[in-house]
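User: I should like to understand how the terms used for a protein structure are justified. Please set each value against its definition.

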Amino acid sequence: MTKTELDLQSRSIPKLGLRSIKTAISTTLCAILYILIDRNATFACIGAVFGMETSTEHPFKSGGNRLVGTIIGGFLGMILFYFQHQSTSKLVQIFTLLVGIILLIFISQFLGYPGAIQGGAVVFYIVMLNTPADQYVSYAINRMIDTAVGVIISIFINLTISNNTFPNLFKNTKE
């Protein structure tokens with residue numbers, strides 16, 4: 001037997017924790033909702049994943065970071081995309097990207113959401129670098145809405161399902 005085979009044999013099967021179960025429920029609810037309204041659920045499901053907390057003590061922290069970051073990144077992306085596309089200069093594009101990420105970091109920290117920077121940067125760069133010129137406003141707004149839906153569903157699930165909610169069902173899981 002090789003070392004890799006021995007390592008695999010010595011591992012125990014991991015148990016799913018309650019957070020994993022709640023994340024699965026949240027993302028599935030997002031998918032169901034979006035299938036019913038014939039809309040792409042990608043960003044709602046991502047929002048649900050980022051919105052799920054490790055415990056019910058701080059149910060709004062991760063979701064709040066993701067939502068605030070998406071809003072900051074979306075609005076900055078819309079504003080700076082407009083200015084960037086008023087010129088064909090590559091220097092203008094580079095400058096708007098530089099100013100945008102600095103503003104995103106500053107605003108996130110100023111508002112007390114330093115954890116919003118990563119999610120906000122993702123939305124900002126997608127709007128700035130990967131969105132057709134005729135769709136940048138609707139794209140940014142739709143990302144904010146979709147993320148909000150996912151985060152809200154995760155917060156709801158996180159607040160309503162705990163080890164105490166269904167003690168017999170979740171007796172072997174950790175919070």
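Analyst: The questions below concern salt bridges, aromatic pairs, the nonpolar cores, one helix and one loop residue. This is a predicted model, in which local features need pLDDT of at least 70 and side-chain atom pairs count only at pLDDT 80 or more, while totals for chains, interfaces and linings use all residues. Residues are numbered from 1 along each chain as its sequence is written, and side-chain values use heavy atoms, with hydrogens and water left out.

User: What makes the pair Arg39 and Asp146 a salt bridge?

Analyst: A salt bridge requires a side-chain nitrogen of Lys or Arg within 4 Å of a carboxyl oxygen of Asp or Glu. The closest N and O atoms of Arg39 and Asp146 are 2.7 Å apart, so the pair meets the definition. Arg39 belongs to the loop between α2 (18-36) and α3 (42-51) and Asp146 to helix α7, so the bridge ties together parts 107 residues apart in sequence. Helices here are DSSP runs of H or I with at least four residues, strands are runs of E with at least two, and both are numbered from the N terminus.

User: How many salt bridges does a search of the whole structure find, and which residues are linked in a network?

Analyst: The search finds two salt bridges. Besides the bridge of Arg39 with Asp146, the side chains of Arg143 and Asp146 meet at 2.6 Å, N to O. Arg39, Arg143 and Asp146 are thus linked in a network of salt bridges. Arg143 and Asp146 are three residues apart in helix α7, which separates them by about one helical turn. In general, an α-helix has 3.6 residues a turn, so residues three or four places apart point the same way.

User: How do you know whether Arg39, Asp146 and Arg143 are buried or exposed?

Analyst: The test is relative accessible area: buried means under 20%, exposed over 50%, and partly exposed in between, with a 1.4 Å probe and protein chains only. Arg39 has 32% and therefore counts as partly exposed. Asp146 has 0% and therefore counts as buried. Arg143, at 11%, is buried as well.

User: Why is the pair of Phe81 and Tyr136 called stacked?

Analyst: Rings of Phe, Tyr and Trp (its six-membered ring) pair if their centres lie within 6.5 Å; planes under 30 degrees apart count as stacked, over 60 as edge-to-face and the rest as tilted. The rings of Phe81 and Tyr136 are 4.3 Å apart, centre to centre, with 25° between the planes, so both conditions for a stacked pair are met. Phe81 lies in helix α4 and Tyr136 in helix α7, so this pair connects parts 55 residues apart in sequence. Phe81 is buried at 2%, and Tyr136 is buried at 15%.

User: What makes the pair of Tyr82 and Phe83 edge-to-face?

Analyst: Their ring centres are 5.6 Å apart and their planes stand at 75°, so the pair is edge-to-face. Tyr82 is partly exposed at 42%, and Phe83 is partly exposed at 48%. The structure holds five aromatic pairs.

User: What makes a group of residues a nonpolar core, and which members of the largest one touch the most other members?

Analyst: A nonpolar core is a set of buried Ala, Val, Leu, Ile, Met, Phe, Trp, Tyr and Cys residues joined through side-chain atoms within 4.5 Å. The largest core has 21 residues, of which Leu104, Phe124, Val127 and Met128 touch the most other members. Two or more residues come from each of α4 (61-84), α5 (90-110), α6 (117-130) and α7 (136-160). A second, separate core of eleven residues includes Leu18, Ala41, Cys45 and Ile157.

User: How do you know that the span of α6 is close to the expected one?

Analyst: The expected span is 1.5 Å times one less than the number of residues. For the 14 residues of α6, 20 Å is expected, and the helix reaches 19 Å from its first C-alpha to its last.

User: Why is Asp38 called exposed?

Analyst: Asp38 has a relative accessible area of 73%, and therefore it is exposed. Asp38 is found in the loop between α2 and α3. Its phi is near 55°, a positive value in a residue other than glycine.
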